[in-house]
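Thanks for coming, everyone. Let me put the structure up, and then we will walk through it piece by piece.

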Amino acid sequence: MTSPVTYSLTDAIATLAMDDGKANAMAPAMSAALNAGLDRAAGDKARAVVIRGRPGLLSGGFDLKIIRGDDEDLKAKMREDGMTLLKRLYLSPLPIVFAVTGHAVAMGALLLFAGDARVGTSGDFRIGLNETGIGLSLPIAGLEMGRDRLAPTLFQRATINAELFSPQDAVTAGYLDQVASPADFDAAVLKAAKALAELDGAAFAETKRRVRQPTLERIAAREA
């Protein structure tokens, strides 16, 4: 079976390119492939990791076929795998850059809360958490990370109200850090990755842990 994630390494920057041929759904296979890519990047002594989708789409979120199916064990595994990956990315000692190649919704948008740099491409794309619009409740981990990363004045609209944002408005909301034109997108992603890769790795990892560990502890307390 072909992996939904392609790995490459150039100048100590690892790129994990997601493409399952469909919605880049965060099914167990996608979570496993991203975890394997992160492991490989660490083994290769990468200085930064770029996670990107295919043109027009980062991820459509959890696999709706699994969510609406009858296999409760598979549903639970998909959610558990997704939240475990989200927490790993959130505290990753390696800088994580998200190259948001298009739409990023539901779990696809939650991933952005774990990024150290998030570059979007301009276009008619939507970014955000549509869970309450499709009959799902947001996970505690996603809500608490969003509480830290989203603009406070837009937090309710982004979570409870299921509002989706254009790439430029997603910068204001807190999903993205910048937006580049399609022509400049790859260069902007590379620039962001190189800037993070040039930081002192140990100092970056420890400072990130100090900033983000309290959020993970808050999540653990609420999930207990």
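Start with two helices in contact. From H5, the residues Ile140, Ala141, Glu144, Met145, Arg147, Asp148 and Arg149 meet a set in H9: Arg212, Thr215, Leu216, Arg218, Ile219, Arg222 and Glu223. What classes do the residues of this contact divide into? Eight are charged, five are nonpolar and one is polar. Keep in mind that this is a predicted model.

Now the geometry. H5 covers residues 140-149, and H9 covers residues 201-223. They pack at an angle of about 145 degrees. Their axes are 9 Å apart. Is the crossing of H5 and H9 left-handed or right-handed? It is right-handed.

On to the sheets. A general point for the newer people: strands in a sheet pair through backbone hydrogen bonds, and the pairing is either parallel or antiparallel.

Take the six-stranded sheet. It is open, and its order is S1-S2-S3-S5-S7-S10. The pairing is mixed. Which strands stand at the edges? They are S1 and S10, the latter being residues 178-180. Each has a single partner strand, so one side of each has no neighbour in the sheet. From one strand to the next, the twist averages 20 degrees.

Look at the S1 end. S1 is residues 5-10 and S2 is residues 13-18. These two are antiparallel, with six bridges. One bridge pairs Tyr7 with Leu16 in S2. The two strands form a hairpin, with two residues between them. Find Asp11 in that turn: its phi is positive, about 50 degrees.

Further along the sheet, S5 pairs with S7. S5 is residues 96-100, and S7 is residues 117-121. This pair is parallel, over four bridges. Val97 has Ala117 in S7 as its bridge partner.

There is also a sheet of four strands. It is open too, in the order S4-S6-S8-S9, and again mixed. Why is one side of S4 and of S9 left without a neighbour? S4 (56-59) and S9 (164-165) are at the edges with a single partner strand each, so one side of each stays unpaired in the sheet. S4 runs parallel to S6, residues 102-105, and three bridges join them. In that pair, Leu57 sits opposite His103 in S6.

Last stop: the largest pocket. How much space lies in it? About 630 Å³. It is lined by 30 residues, and the closest to its centre are Ala25, Gly61, Phe62, Asp63 and Leu64. Sorted by class, the lining has 17 nonpolar, seven charged and six polar residues.

Helices contribute to that lining. H1 (28-43), H2 (64-67), H3 (72-90) and H4 (107-110) each supply at least two residues. Which helix gives the most? H2 does, with three residues.

That is the tour. Questions, please.

Technical notes. Residues numbered from 1 in each chain as written. Predicted model: local features only at pLDDT ≥ 70, side-chain atom pairs only at ≥ 80, totals over all residues. Heavy atoms only, no water. Pairing = 2+ DSSP bridges. 1 Å grid on protein atoms, 1.4 Å probe; cavity = no way out; pocket = protein on both sides within 12 Å on 5 of 7 lines; lining within 4 Å. Points joined across faces, edges and corners; volume = space filled by probe spheres on them. Nonpolar A, V, L, I, M, F, W, Y, C, P; charged D, E, K, R; others polar. Axes fitted to C-alpha atoms, helices over the stretch in contact; angles between N-to-C directions. Left-handed = near helix turned anticlockwise from the far one by under 90°. Contact = heavy atoms within 4.5 Å.
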